[in-house]
Number of protein chains: 2
Amino acid sequence: MYFHIFVEMNWEKKHITIHDIARELKISASTVSRALNNNPRISAATRDMVQKLAAAHGYQPNVMASSLRKGRGNTVGVIVPNINRSFFSNIIGGIEEKLSGAGFNLMICQSNESLDKEKEALQTLMHARVDGIMMSLSMETQDYAHLEKLLNRGIRMVFFDRVPDTLAVDGVVIDDHAAAFRITTALIEKGYRHPAHVGGSGKINVYRQRKSGYLDALKSSGSQVIASHITETDMTRQGGRKAFREIMQSDPRPDAFICAGDLAAHGVLLEALKNHFRVPEDIAVSGFANEEFTPHITPPLTSVDQKGLEMGRQAASLFLEQEATNDGSRIVIEPEVLFRLSTQKEITLRTE
Amino acid sequence: MYFHIFVEMNWEKKHITIHDIARELKISASTVSRALNNNPRISAATRDMVQKLAAAHGYQPNVMASSLRKGRGNTVGVIVPNINRSFFSNIIGGIEEKLSGAGFNLMICQSNESLDKEKEALQTLMHARVDGIMMSLSMETQDYAHLEKLLNRGIRMVFFDRVPDTLAVDGVVIDDHAAAFRITTALIEKGYRHPAHVGGSGKINVYRQRKSGYLDALKSSGSQVIASHITETDMTRQGGRKAFREIMQSDPRPDAFICAGDLAAHGVLLEALKNHFRVPEDIAVSGFANEEFTPHITPPLTSVDQKGLEMGRQAASLFLEQEATNDGSRIVIEPEVLFRLSTQKEITLRTE
DNA sequence: ATAATTTGTGCAATCGATTGTATTTTCATA
DNA sequence: TATGAAAATACAATCGATTGCACAAATTAT
């Protein structure tokens with residue numbers, strides 16, 4: 001347990017140890033240790049005396065020593081596909097906020113969407129003897145053997161966003177289905193007749209959810225599902241452009257693109273404009289993730305706020321509660337759809 | 001020293017120690033330790049035998065134990081203003097690449113441009129007994145007393161981008177002066193007559209450099225310096241908008257805005273468009289940092305690639321070399337100016 | 001063949017905090 | 001006052017790797 005008593009920085013002096021305190025108070029080091037840890041076997045008088053002196057000296061426990069003894073380093077590993085993406089860096093922010101308060105440090109790794117790098121990161125983290133791992137799967141990860149090994153070994157794990165759905169592990173996700181459903185329904189209500197879907201790999205839970213949200217919205221509004229209006233991409237701008245060209249071949253042609261990612265949506269948007277379609281008058285485009293650029297492009301892109309900070313916080317809480325209970329609980333966070341100009345068909349009606 | 005021999009992950013087994021190896025080979029643990037560390041006092045035969053068995057068992061040293069003994073944890077602290085900004089996350093990528101290869105772990109903190117948070121982060125890092133600190137100053141940091149304390153205490157430090165200029169510390173910067181000079185000169189050559197400058201706090205080296213690059217370019221091209229064309233902002237979009245309105249009051253009115261940051265530049269751009277100026281025909285705008293959104297806005301924003309990855313790598317190298325030689329050496333990286341539509345006056349001439 | 005080196009290993013202490021097991025102190029009760 | 005239980009504290013081992021020093025073995029010199 002840590003004492004966060006912020007005395008003035010005294011970095012000139014050497015770090016003091018419990019032995020220094022013990023000597024000064026003419027008691028044993030073990031008593032000091034117990035006093036600092038509020039062990040009930042220590043009398044209130046001694047405890048206060050020790051804590052007061054420790055605070056006065058700005059004592060900070062040597063984490064290496066206590067880690068060695070306790071066998072755990074109060075460090076948790078975090079693996080994200082990419083630290084650059086605002087969604088993930090927000091998540092990290094949320095995790096850090098919760099965990100640093102609980103005395104944990106973070107070790108952050110990037111998988112770059114590669115399974116090999118993901119395994120490598122897990123290696124690194126295990127060698128560092130982290131107390132647990134919080135992660136979001138790479139795009140390539142479809143087989144969970146490497147994760148199961150860890151789970152069997154009793155490693156605490158919490159997943160966020162991209163979770164291994166066939167494993168009973170703790171995780172935090174947003175309601176992707178609801179977000180996609182809401183967007184699709186809204187577009188249909190606005191008068192778009194044939195929304196298409198540019199999705200991601202069906203191997204990944206979030207993309208499956210987004211697709212099924214789209215499909216369910218079509219059904220519940222009585223629209224027909226057109227197979228050629230549905231495609232999978234790699235979620236890049238280039239992939240979006242390609243998807244646009246392909247889907248526009250079909251008959252009937254769609255007049256809206258519900259994309260499972262912002263980059264792909266941007267690609268669709270650019271390709272649409274390039275081919276002299278008006279957005280949103282002729283074609284609506286929506287993305288997913290509310291990346292930093294989405295409000296700044298022309299027209300601003302409708303997207304989904306995935307509540308990264310909130311997700312990070314929840315995941316961290318789950319991790320902290322998980323002392324014993326890795327029971328595969330899933331927290332679902334409500335996303336927020338940010339409707340922007342790229343889907344505002346009525347804007348043309350209003351412009352009189 | 002670490003052995004990066006990647007045997008198949010064997011996380012089911014307990015971690016083995018040098019004592020296990022010693023017992024198996026019927027030698028002492030100290031010999032094992034020395035053999036693994038390539039200590040010359042150990043015979044080649046023993047060394048090979050030990051290393052082979054260690055590799056076979058997938059032995060990994062317990063970092064906590066060796067940290068405790070050696071008094072250093074093979075961890076370096078990194079403090080950046082904000083992990084979200086692509087420039088900084090690229091730097092982190094570069095640092096990680098170099099340092100993880102050298103067996104170091106990273107502890108990443110954000111200052112959020114606040115001096116208090118910066119101090120807090122330094123606290124945290126010192127308590128974690130990091131081996132050194134790599135950082136970029138917060139905007140608020142103007143007094144370096146807290147850093148000097150650390151330096152006097154012998155803490156290894158390397159700065160990047162925002163460096164404390166009155167301190168003889170190692171650092172990596174880009175040639176901000178050259179970048180600003182180049183942009184300003186180019187704009188004048190393109191026919192813009194009165195470039196203005198939207199700068200950041202003069203307390204920070206990079207903003208001073210950018211401003212002086214702008215000024216020197218004016219001088220060397222024989223343009224006059226107009227005081228009312230120069231302003232300081234907080235480098236936000238809002239700040240950029242405000243700067244635009246203010247500067248446009250002056251006589252003569254400027255026809256170009258060299259901004260020291262992308263957000264401010266975007267603010268200027270938006271405000272210009274809002275006031276029915278054409279960009280780049282009437283007014284040119286340039287930013288700094290090549291943030292992710294810059295190529296995607298309308299018109300795409302001229303900016304400066306600050307070579308974050310490269311800067312991170314160099315900073316890490318400096319850190320590694322610095323075992324003894326903290327002699328205040330500065331590495332200067334050549335930036336790359338990315339001219340985009342927002343400064344292409346001739347585009348109008350070409351449109352025939 | 002013996003002394004003087006050189007070379008290779010082992011022993012034991014150490015880093016600082018934690019914790020099971022004494023041991024001492026305190027206090028109440030007989 | 002002696003005795004037992006309870007409360008408070010001390011002792012010592014431990015976590016795993018490192019390292020100064022001692023010691024043994026092998027090699028060279030005399």
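**Chat about the two DNA strands and their protein**

User: How far is an N or O atom in the side chain of Arg34(B) from a base oxygen of DNA strand C?

Analyst: That base oxygen of DNA strand C is 3.1 Å from an N or O atom in the Arg34(B) side chain. A polar contact is a pair of N or O atoms within 3.5 Å; within protein, one must be able to donate a hydrogen and the other to accept it, and residues adjacent in sequence count only if both atoms are side-chain atoms.

User: Before we go on, what kind of model is this?

Analyst: This is a predicted model, in which local features need pLDDT of at least 70 and side-chain atom pairs count only at pLDDT 80 or more, while totals for chains, interfaces and linings use all residues. Residues are numbered from 1 along each chain as its sequence is written, chains are lettered from A and ligands numbered from 1 in the order in which they are written, and side-chain values use heavy atoms, leaving out hydrogens and water.

User: Back to strand C, then. Which residues come nearest to DNA strand C?

Analyst: Arg41(A), Tyr59(A), Arg69(A), Thr31(B) and Thr46(B) do, out of 26 residues around DNA strand C. A residue is near a strand if one of its heavy atoms lies within 4 Å of it.

User: Which other atoms pair up there?

Analyst: Ser30(B) has a side-chain N or O atom 3.0 Å from a base nitrogen of DNA strand C. On the backbone side, an N or O atom of Ile18(A) lies 2.6 Å from a phosphate oxygen of DNA strand C.

User: How many nonpolar, polar and charged residues are on the surface near DNA strand C?

Analyst: There are 8 nonpolar, 12 polar and 6 charged residues. Ala, Val, Leu, Ile, Met, Phe, Trp, Tyr, Cys and Pro count as nonpolar, Asp, Glu, Lys and Arg as charged, and the others, Gly among them, as polar.

User: Now the other strand. What are the closest residues to DNA strand D?

Analyst: Thr46(A), Arg34(B), Arg41(B), Tyr59(B) and Arg69(B) are the closest of the 26 residues that surround DNA strand D. Of the strand D atoms within 4 Å of the protein, 53% are sugar and phosphate.

User: What do the arginines do at the bases?

Analyst: Arg34(B) has a side-chain N or O atom 2.6 Å from a base oxygen of DNA strand D. For Arg41(B), the side chain has one 2.3 Å from a base nitrogen of DNA strand D. From chain A, Arg69(A) places a side-chain N or O atom 3.1 Å from a base oxygen of DNA strand D.

User: Changing topic: how many residues of chain A are in contact with chain B?

Analyst: 46 residues of chain A are in contact with 47 of chain B, where contact means heavy atoms within 4.5 Å. The area buried between the two chains is about 4,700 Å²; buried area is the accessible area (1.4 Å probe) that two parts lose on being put together, summed over both.

User: How many salt bridges are there between chain A and chain B?

Analyst: The count is 2, a salt bridge being a side-chain nitrogen of Lys or Arg within 4 Å of a carboxyl oxygen of Asp or Glu. Glu292(A) forms one with Arg237(B), with the closest N and O atoms 3.8 Å apart.

User: And which domains make up chain A?

Analyst: Domain 1 (18-61), domain 2 (73-173 + 308-333) and domain 3 (176-306 + 337-350), with bounds from an automatic or database domain assignment. Domain 2 and domain 3 of chain A bury about 1,100 Å² between them. Arg85(A) and Glu291(A) meet through their side chains in a salt bridge (3.4 Å, N to O).
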